[in-house]
Amino acid sequence: MLNRISKRNNCSIYKIEEEGKTSVNRLVISSEETRAICNDTTVMGVNYTRKLRTACSNVMKSLQEEQVINLEERKTIVFNILRGGLNFGLREAIADVFDWNLHGSSFISAQRARINPDSEEWHIIESDYQKVYMPHSAQIVIGDVVATGTSLEFGLEALVKQAEMNNTKIESILFFTFGGKRTEEILENLDALCREKFEGYQSTTLCYIEGRFTVPTVSSPLTIKLTGTDLVKREAVMAPEFIKSQYENPTFPMERCVIYDAGSRAFWLPEYLEDVIEYWEQIYTMARRGRTFEQQVGERAPMLDCSQFGKVDLEELASKHLAKIKSIANS
């Protein structure tokens, strides 16, 4: 399903090869920095956003060298869907890799919420802020975390409308995400719309970071899950390097989500750490009631061979990991 097309600039890039037509160039990218982000919950704050920025720089350099993309300085616009888009640091990432200063940035807010506390449907509750600048011809670069895609759909609709109002011709879209399959469904619709509205539209390139992950539903066989929010490894399409990295630490395959809440992880650590601690307290409680490491890994990452971890006591592992996270939270 994955075909490697590049291994340079400290990153690997794979193309998703599946049956069926798609207009979107779907890639999975893997790097040391993004593996650290997806595996290690202690990577947070500025350390997290710097790693993500570095990874995006290296990927863009490789994509440009492989002629998968062809960005030009005065045409390039980073489109930020607040606040998730700020995690990626794409404005600076582009400057770092191409030594550019004349590319632009645009911003739109899109905050989602469940229609009601028990609903699996989401809607936009805040979208007041917009500062959208575009040149006559625009190459759009976007980064966002995508689960349900509610915010993304809203943001992209606003992007196309603004382009039409500005008489801008969108030429291409490059999209980075921690996300699931809903991402490419939305981008396929966007690609068709752009080809209809903008003569000479060239390409839509989607970069899944470390994998195309699964968003759990009410029927997903996971003991602990946040439906419509989590990105999990079960039934995901993942880079070989990322799968291999799961064996580096027995906590890695058990994390509830590969990113947790990206906004708080970057910008408000007390909330993020509370989220991580709450999950691991649940794991600790389950372990004290008889849950084993093999059961937990088998549920969350069934593609792994638990024997490679050796004998792991889940209660002891959870206790030590909790102490580590709480120490950071209380420091």
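**View 1. The protein chain splits into domain 1 (2-212) and domain 2 (218-330).** Keep in mind that this is a predicted model. Measure from C-alpha centre to C-alpha centre and the two domains sit 26 Å apart. On the contact between them, domain 1 puts in 34 residues and domain 2 puts in 35 residues.

**View 2. Strand β4 (residues 76-82) is largely enclosed by the rest of the structure, because six of its seven residues are buried.** For company, β4 has strand β9 (residues 137-146), and the two pair in the parallel sense over three bridges. To find your way around the pairing, look for V78, whose bridge partner in β9 is V141.

**View 3. Helix α10 (residues 314-330) runs for 17 residues.** From first C-alpha to last, α10 reaches 24 Å, close to the 24 Å expected at 1.5 Å a residue. At its N-terminal end, D313 does the capping: a side-chain oxygen of D313 lies 3.1 Å from the backbone nitrogen of E315.

**View 4. Helix α10 has a buried side made up of L314, L317, A318, H321, L322 and I325.** These residues cover an arc of only 125° around the axis, so they end up on the same side of α10. The spacing makes sense: an α-helix has 3.6 residues a turn, so residues three or four places apart point the same way. What do the buried residues of α10 pack against? Their partners are α8 (269-288) and α9 (293-300). Flip to the face turned away from that buried side and you meet the exposed residues K320 and N330.

Terms used: Residues are numbered from 1 along each chain as its sequence is written. This is a predicted model: local features need pLDDT of at least 70, side-chain atom pairs count only at pLDDT 80 or more; totals for chains, interfaces and linings use all residues. Side-chain values use heavy atoms; hydrogens and water are left out. Helices (H or I, at least four residues) and strands (E, at least two) are DSSP runs, numbered from the N terminus. The expected span of a helix is 1.5 Å times one less than its number of residues. Buried means under 20% relative accessible area, exposed over 50%, partly exposed in between (1.4 Å probe, protein chains only). The arc is that of the directions from the helix axis to the C-beta atoms. Contact means heavy atoms within 4.5 Å. A polar contact is a pair of N or O atoms within 3.5 Å; within protein, one must be able to donate a hydrogen and the other to accept it, and residues adjacent in sequence count only if both atoms are side-chain atoms. Two strands pair if DSSP finds at least two bridges between them. Domain bounds come from an automatic or database domain assignment.
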